[in-house]
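Student: I'm new to this one. Could you pick a single part and walk me through it closely?

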Amino acid sequence: SYLIEVQGHTDNVGKVEMNKTLSENRANAVRNYIIAKGVDEKRITANGYGDTKPVVPNTSAKNKAKNRRVEFVV
């Protein structure tokens, strides 16, 4: 069976601590949803990375929206 990490990410707006908390909350919300749908909670972890792993530079509203995301790592 697979292990899944749910990763929460934010853009660079706001304080580092706030973004870390927001990304953790984002990841946990998705984790809780998946568990509620029947996936064993022991198989899923959730971590928030704040703005430390942008997929694109935070130079425009469009790019910032792309950085506010949840990703799954299997």
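Tutor: Let's take helix H1 and follow what lies around it. Before that, a word on the ground rules: this is a predicted model, where local features need pLDDT of at least 70, side-chain atom pairs count only at pLDDT 80 or more, and totals for chains, interfaces and linings use all residues. Residues are numbered from 1 along each chain as its sequence is written, and side-chain values use heavy atoms, with hydrogens and water left out.

H1 covers residues 16-36; helices (H or I, at least four residues) and strands (E, at least two) are DSSP runs, numbered from the N terminus. With 21 residues, H1 reaches 30 Å from its first C-alpha to its last, close to the 30 Å expected at 1.5 Å a residue (that expected span is 1.5 Å times one less than the number of residues). After H1 comes Gly38, with a positive phi near 115°.

Now, what does H1 sit on? Its partner is an open sheet of 3 strands in the order E2-E1-E3, with mixed pairing; two strands pair if DSSP finds at least two bridges between them. Strands E2 (44-48) and E3 (69-73) stand at the edges with a single partner strand each, so one side of each has no neighbour in the sheet. From one strand to the next, the twist averages 20°. H1 packs on this sheet, touching E1, E2 and E3, and its direction makes about 160° with that of E2. Contact here means heavy atoms within 4.5 Å, while axes are lines fitted to C-alpha atoms, for helices over the stretch in contact, and angles run from 0 to 180 degrees between N-to-C directions.

Look next at which residues of H1 are hidden: Asn19, Ser23, Ala27, Arg31 and Ile34 are buried (buried is under 20% relative accessible area, exposed over 50%, partly exposed in between, with a 1.4 Å probe and protein chains only). Seen down the axis of H1, these buried residues fall within an arc of 105°, so they line one face of the helix; the arc is that of the directions from the helix axis to the C-beta atoms. Their cover includes E1, E2 and E3. On the other side of H1, Glu17, Tyr33 and Ala36 are exposed.

Two of those buried residues, Ala27 and Ile34, also belong to the largest nonpolar core, alongside Ile4, Val6 and Ile44. Such a core is a set of buried Ala, Val, Leu, Ile, Met, Phe, Trp, Tyr and Cys residues joined through side-chain atoms within 4.5 Å. E1 and H1 each supply at least two residues of this core.
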